[in-house]
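The following exercises invite the reader to examine a structure step by step. Each task is followed by a worked solution.

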Amino acid sequence: MQKEMAYSFPDEVLKHVFSFIQSDKDRNAVSLVCKSWYEIERWCRRKVFIGNCYAVSPRMVIRRFPEVRSIELKGKPHFADFNLVPDGWGGYVLQWIAEMAGAYPWLGEIRLKRMVVTDESLELIAKSFKNFKVLVLFSCEGFSTDGLAAIAASCKNLRELDLRESEVDDLSGHWLAQFPETCTSLVSLNISCLGSDEVSFSALERLVDRCPNLRSLQLNRAVTLDKIANILRRAPQLVDFGTGNYAAELQPDVFSNLAGAFSSCKELKSLSGFWDVVPAYLPALYSICPRLTSLNLSYATIQSPDLIKLVSHCPRLQRLLVLDYVEDSGLEELASSCKDLQELRVFPSDPFGVEPNVSLTEQGLVAVSLGCPKLQSVLYFCRRMSNAALVTIAQNCPNLTRFRLCIIEPKTPDYLTLEPLDAGFGAIVEHCKDLRRLSLSGLLTDHVFEYIGTYGKKLEMLSVAFAGDSDLGLHHVLSGCESLRKLEIRDCPFGDKALLANAAKLETMRSLWMSSCAVSFGACKLLGQKMPKLNVEVIDETEPPDSRPESYPVDKLYIYRSVAGPRFDMPPFVWSMDEAVKILH
Amino acid sequence: MSSENGKRLLETDAGGLNFEATELTLGLPGEPRVTSDGGAKLGSKRGFSETVDLKLGDNNREVKLGHSLQEAAKSPVSKTQVVGWPPVRGFAKRGKKSCKYVKVAVDGAPYLRKVDLEIYNSYQQLLTSLEDMFSCFTIRNYLNEKKIEQVNGIEYMPTYEDKDGDWMLVGDVPWQMFVESCKRLRLMKSSEAVGLGLTTGPKYSSTN
C-alpha cells in the first residue's frame, strides 16, 4: 500500500513540475511516458511551435492542446525567399486564426514566418484575443496598414509588434496614431520594412514617449538622420535600435546632437538600419561602440576604410552583418579587433555583376576563422574559393554550427587547382561535428555528398544548388544524415532512384524541396501513392504534369510529412500526388 | 557508408518500394520533348542540362531567345539572371537608393510575379528576364520590329500601366522614363491587343 502511494503524485504536483519544462522536445518526451502524463501535459502546454503549417490542421492542434497561449507557425518553403515559389502557392494564416479565435480566447502570442496574412486575419486577431501581447510577422505578406491599424487600436496590452522583412501595402501612415493614449506597454516595435509614407513620425514620437519599457525599436528608411536624436532622447533605455536613413549634409550641431543622443543610451547593444550612410556621421556612434554586441550594416553602402574604423571601435562585437564592401582588409581588421565574434554574414553588393566589384575573396573569411575562435555561424558570398581555404577554416573553427557559402557563379571550381570543392566542404563536415546547417556552392561532385552523409550526423538543414553527378549524391545524404530535417535542392541531376529508395526517410524530415532536377512525374505519383503520411506536391506553372509522359521530369517538387492529409487550398499550378485528391482533380 | 554499400542499397527493395518493378524509366531532361500532337515543343520549360550549360550572357541560348534579343544579349552590363540565383533576399533593397517592384501579369497564367525594374538597365534586359520567368513563350519585341520565333502559336505583347492609368506598349519611351512611370506590367496576347489601339510613339534604340 505504502509503495503504491509513493509512486502516485497528485495531478497538481505533476502539473507544477511540468510547468518548468519549456522545450518542445522535453514536453514531447514527457507526453510519451504514460497515458496520464500525456493527459496532464496536454492540458498544461502553453506554447506550440509548428514548423510547417500544413503538417497538421488547426483542429488537431486545438483538440490536443486546449489551453495554448502562444503559437508559432511557418508557411512557405525557404526557397520562396529567392522567388522560386510562385505567388498564390499557399501559407494562408486565416483559417488558423479563425479556429483559434473560438478555441483560445486567451491566446497572447502569434509568431508567423513566410505566411500570407491578410487584413482580415489581422482584424480577426484584433477583435478575438483580449490579452493579445505579441505579434511577429517575419517575411510575411498580404496585409496593409489597415490591418496594422486594427491591431494598434484594439490591442490594449500589446508588447511586441515586429514586422521584420514583411511586405506591407502602404495605404496610409496614420495607423500608428491608432495606438490609444492608454497604450504604454510596448517593449518591441520593428517597422523597418515599411515604405516611405507609412509612418506618421509625430505619432511615433508620442508612442515612444509613453512606453517606458521600450527596449527594441527599428525605424524604417523614411526616418531621416536628424530625427534619430529626438527618438533616442525619448528612449535612452533602448537595448536594440534600428536607424532609418543615415544620411545628411554634415552639420556640426546635428552631429553633436546625434552623438550626444547615442551616448545617453547606456544600455544600447545592438544597431541596425543604416540605409544610405554618410560616413562622416559614423563617429557619432563611437561612444556606444565599446558596448555593441550586434551590428547590422547589410544595407550600408560604406567602403572598407570607414568600415575598418568603425569595427575597430567595437571589441565586444559578437554579430556582424555587412556588405562585401568590407573587403578582405576589413575582415582582417575584424579578426584582430573582435575576438568575441560568433556570427558573420557578408552579403554581395553587386550579385548580378559579371566582374567582381570589390576586393573580397576567400582570404577575408580565412582571416576571420583564424582570429575569431568563437565563430559559430557564417554566411559568406564571394566569387572564388579554394579547398585549401576551406580546410583551414574547418580546422580553425571546429565549433561552427552554421556554414553557408555562396560562390556567386554556379559550378566554380577551386581557383588554384581547378578541382571540385568536394575536399574543402568535406573538411567542414568532418571537423565541425556540431554543424546543423550547411549551404553548398561551387563545383561539386557526388563525393561531397559522400562526405556529408558520412560526417554530417548532426546536420539538420542542407541547401544544394548546381551540384552532384548522379542519384548517388542524393542517396548519400538521405541515407547518411541522421538528423536531417530540411533539404532543399535546385538544379541538380538527382532523379527517381535515390528518392524512391529513401522514401521512408522522408517521413522523418520536415520537408524536401527539389526544383529543376530530374525527378519524374511517375516517381512523384508512386511516392504519393505509397506514402500516405507524405504530401507530395508538384508545382508546374505552365501545364498539368499529366499532359506529358510519366517519365518527364517535374519542374518543382515539394514533399512534406503531414498528419492532416492533402491540403485544400492548392492553387491551380500545384498538383497533389495523393490518391484521393487525384480522383477529384 | 562506403560507396559500394550505397550502390547496393539502390538496387535492393529499400523501404518496401521495389522501384524496379514500377518500370519507371529515368527520363532525363534535355531529351526531345514530344507533345500529344507529335510536334516537338521548343522553348518549353528548361531542362536541367540546359540550365547547367547555360553560359549566361552567351549566344548559346538559341532555344528561347529570338534573334533580335540574342543580339542584344551579346554584351550585357550585368548577367541575365538565373531565377533565384544568387540567393539574395530582396537584393534591390540593399545598397540601392530605391527599388521599384511592379507586378507582372500574363494573360492565361494563373499567377503573378513581381520584378524590380531598378535592377535592369534596358528594355532588352527586362524582356529577357521576363522570358526566363514565364518560360513557355516568347515576347514580341517592338523595339526591332522583327518577329520572334513563335512558340505555341501564341505571341505576347508587353504592355504596362503608367502613372495616369493608361495602358501603353513597352518600349515607347526612354527606359528611365518607363521605370519611373510604370505601375505594373501585363503580357497581353497579341490577338487581344490588336483591337486596343495601343499607341506606339517614336521608337527608341536598344541602347537606351
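The exercises below concern a predicted model, and they proceed from whole chains to single residues.

**Exercise 1. Describe the overall build of chain A.**

Solution. Begin with the secondary structure: chain A contains 22 helices and 23 strands. Next, consider the overall dimensions. The radius of gyration is 26 Å, close to the 25 Å that the globule rule gives for 585 residues, so chain A is as compact as a globular protein of that length. Along the principal axes, its C-alpha atoms fill a box of roughly 70 × 65 × 65 Å. Then turn to burial and contacts: 59% of the 585 residues count as buried. Among contacts in chain A with a separation of 6 or more, 71% join residues 24 or more positions apart. Finally, chain A exposes about 22,700 Å², and carbon and sulfur atoms supply 53% of that area.

**Exercise 2. Set out the corresponding description of chain B.**

Solution. Chain B has six helices and five strands. Read along the sequence, these elements follow the pattern α-α-α-β-β-α-β-β-α-β-α. Of the 208 residues in chain B, 46% are buried. Residues 24 or more positions apart account for 51% of its contacts with a separation of 6 or more. The accessible surface comes to about 10,500 Å², with 50% belonging to carbon and sulfur atoms.

**Exercise 3. Identify the residues that touch the most other members of the largest nonpolar core, and follow one of them.**

Solution. As background, nonpolar side chains in soluble globular proteins tend to be buried together. The largest nonpolar core holds 198 residues, of which Phe241(A), Tyr246(A), Phe262(A), Phe403(A) and Ile452(A) touch the most other members. Take Phe262(A) as the example. Beyond its neighbours within four places in sequence, Phe262(A) is in contact with residues including Ile228(A), Leu232(A), Phe241(A) and Tyr246(A). Apart from this core lies another, of 23 residues, among them Leu117(B), Ile119(B), Tyr120(B) and Met168(B).

Two of the partners of Phe262(A), Ile228(A) and Leu232(A), lead to helix H10 (residues 225–234) of chain A, where both are buried, as are Leu225(A), Ala229(A) and Ile231(A). The cover over the buried residues of H10(A) includes helix H9 (201–209), strand S9 (216–218), strand S10 (240–242) and helix H11 (252–263) of chain A.

**Exercise 4. Locate the annotated F-box and examine a helix within it.**

Solution. An unreviewed UniProt entry lists "domain: F-box" for residues 9–50 of chain A. This span is 62% helix and 10% strand, and its end C-alpha atoms lie 31 Å apart. Helix H4 occupies residues 35–44 of chain A, and Ile40(A), Glu41(A), Arg42(A) and Cys44(A) are buried there. Their cover includes helix H2 (11–18), helix H3 (24–31) and helix H5 (58–64) of chain A.

**Exercise 5. Determine how many disulfides the structure holds, and explain the case of Cys492(A).**

Solution. The count over all chains is zero. Cys314(A) is in no disulfide, the nearest cysteine sulfur being that of Cys289(A), 3.6 Å away. Cys314(A) is buried, with a relative accessible area of 0%. For Cys492(A), the closest cysteine sulfur, in Cys517(A), is 5.3 Å away and therefore too far for a bond. Cys492(A) is likewise buried, at a relative accessible area of 0%.

**Exercise 6. Characterise the position of Pro549(A).**

Solution. Pro549(A) is placed in the loop between strand S21 (534–539) and strand S22 (556–561) of chain A. Its relative accessible area is 39%, so Pro549(A) is partly exposed. Lastly, Pro549(A) and Phe521(A) are 28 residues apart in sequence, with 8.0 Å between their C-alpha atoms.

Technical notes:
Residues numbered from 1 in each chain as written. Chains lettered and ligands numbered in written order. Predicted model: local features only at pLDDT ≥ 70, side-chain atom pairs only at ≥ 80, totals over all residues. Heavy atoms only, no water. Core = buried A, V, L, I, M, F, W, Y, C linked by side-chain atoms within 4.5 Å. Buried < 20%, exposed > 50% of the residue type's maximum accessible area, 1.4 Å probe, protein only. Contact = heavy atoms within 4.5 Å. UniProt positions renumbered as here; feature names shortened; annotations may be inferred. Helix = DSSP H or I, 4+ residues; strand = E, 2+ residues; numbered from the N terminus. Rg over C-alpha atoms; globule rule 2.2 N^0.38 Å. Areas by Shrake-Rupley, 256 points an atom, 1.4 Å probe, with all protein chains shown as cover. Disulfide = S-S within 2.5 Å.
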